[in-house]
Amino acid sequence: MTLTVNGQSRSFAAIDNLAQLLETLGVTVGKMAVELNGRIIPSSAFAATPITADDQIEIIQFVGGG
Amino acid sequence: MKPLVIAGHTFHSRLFIGTGKFGSHETMRQAIEASGCELVTIALRRVDLDKNPEGDALISKLDSEKIVVVPNTSGARTAEEAIRIARLARAAGGFTWVKLELTPNLHHLLPDPIETLKAAEVLVKEGFHVLPYINADPVLAKRLEEVGTAAVMPLAAPIGTNLGLRSIDMLSIIVANARIPVVVDAGLGMPSHAAAAIELGADCVLINTAIAAAADPVGMAKAFAKAVQAAEEGMAAGPRAPRSTADASSPLTGFLWEK
């Protein structure tokens with residue numbers, strides 16, 4: 001299936017839920033935020049959030065800034 | 001000076017530090033610790049999925065027991081984008097403070113007053129402690145105070161310029177009228193600039209580039225802390241007002257040639 005992750009189109013074999021997607025991508029950020037199609041998903045709901053083709057996902061972290 | 005209290009939190013240091021541009025997280029951590037600073041700003045960006053999916057370790061270097069960590073909305077060009085970033089920051093780390101930073105033009109990075117006010121109204125209602133980065137505009141500062149922002153953060157000069165207190169006359173008006181803390185943000189390049197801001201009556205300063213991009217960031221953080229402390233102590237000691245005519249320090253009597 002094809003998903004848009006952080007603005008880039010990416011192909012995956014089979015992804016059922018958000019937790020699985022993050023694992024596949026190797027994302028292990030401690031404090032991060034995830035948006036699925038513009039909606040913020042709390043980390044407690046990652047495993048229970050299904051992913052379907054053409055979903056748009058943003059994975060956000062904290063960096064240095066003024 | 002009375003203690004600095006923002007959104008019910010008492011700060012012992014009048015120096016806030018931005019965490020951008022440091023050569024390493026360790027240098028940043030040392031600079032924060034050496035300065036005694038109790039509020040830092042951070043930014044939100046996409047995780048770099050190709051180069052660093054494990055993510056930036058920044059947050060783990062900040063002791064949130066000792067320091068108030070304030071995500072900024074840098075990069076936002078509209079109220080909608082800034083609100084989205086603030087909500088993401090709250091979802092990601094439970095952060096309830098936000099530095100509202102809306103800079104549509106990447107050349108001068110000056111804040112958009114209209115979008116900033118719009119975003120402030122929404123975020124205050126959502127329970128955020130909003131710290132809006134603004135041009136040194138006394139009318140806008142008042143309007144933001146009226147919508148309930150926790151402080152205002154007028155600029156001294158454009159971000160990263162190190163020019164010092166270029167907006168000094170407008171800052172004086174803001175300080176004279178504000179009923180919420182005034183944090184002078186952006187453009188301060190030298191410790192003396194920070195001291196001058198406090199002597200002007202500002203409650204606090206926020207420094208990033210001048211510390212992070214110095215040859216010795218830890219040394220510069222200490223220097224800013226001392227300057228701010230000196231200005232605070234000087235203000236507490238009751239400075240005399242400037243006057244336009246001389247007032248002799250030495251007695252004007254008993255000269256040797258008097259007859």
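Which residues are buried in H6(B)? Keep that question in mind while we take a walk through this predicted model, beginning with chain A and then moving on to chain B.

Let us start with the overall build of chain A. This chain has one helix and five strands. Follow the chain from its N terminus and you will meet these elements in the order β-β-α-β-β-β. Along the principal axes, the C-alpha atoms of chain A fill a box of roughly 40 × 25 × 20 Å. How does that fit with the number of residues? A compact globule of 66 residues would have a radius of gyration near 11 Å, and chain A, with 12 Å, agrees with this.

Now look at how the residues of chain A are packed. Of its 66 residues, 29% count as buried; here, a residue is called buried if 20 or more other C-beta atoms lie within 10 Å of its own. Contacts tell you about the fold too. Take the contacts in chain A with a separation of 6 or more: 62% of them are accounted for by residues 24 or more positions apart.

Next, find the place where the two chains meet. Chain B brings 31 residues to the contact, and chain A brings 23 residues. On the side of chain B that touches chain A, strand E4 (39–46) and helix H2 (79–93) each supply at least two residues. E4(B) gives the most to this side, with six residues. Sort the residues on this side of chain B by character and you get 15 nonpolar, 10 polar and six charged.

E4(B) also has a partner strand across the contact. Strand E5 of chain A, residues 56–64, pairs with E4(B) in the antiparallel sense, over five bridges. To see this pairing for yourself, find A:Phe62, which stands opposite B:Leu44 in E4(B).

We can now return to the opening question and to helix H6 of chain B, which spans residues 191–200. This helix is mostly covered, with seven of its 10 residues buried. The buried residues are B:Pro191, B:His193, B:Ala194, B:Ala195, B:Ala196, B:Ala197 and B:Ile198. What lies over them? The cover includes three elements of chain B: strand E9 (183–185), strand E10 (204–207) and helix H8 (217–236). As you look along the helix, it helps to know that an α-helix has 3.6 residues a turn, so residues three or four places apart point the same way. Finally, step just past the end of H6(B) to B:Gly201, which takes a positive phi of about 115 degrees.

Key:
Residues numbered from 1 in each chain as written. Chains lettered and ligands numbered in written order. Predicted model: local features only at pLDDT ≥ 70, side-chain atom pairs only at ≥ 80, totals over all residues. Helix = DSSP H or I, 4+ residues; strand = E, 2+ residues; numbered from the N terminus. Rg over C-alpha atoms; globule rule 2.2 N^0.38 Å. Buried ≥ 20, exposed ≤ 12 C-beta atoms within 10 Å, placed from the backbone. Contact = placed C-beta atoms within 7 Å. Nonpolar A, V, L, I, M, F, W, Y, C, P; charged D, E, K, R; others polar. Pairing = 2+ DSSP bridges.
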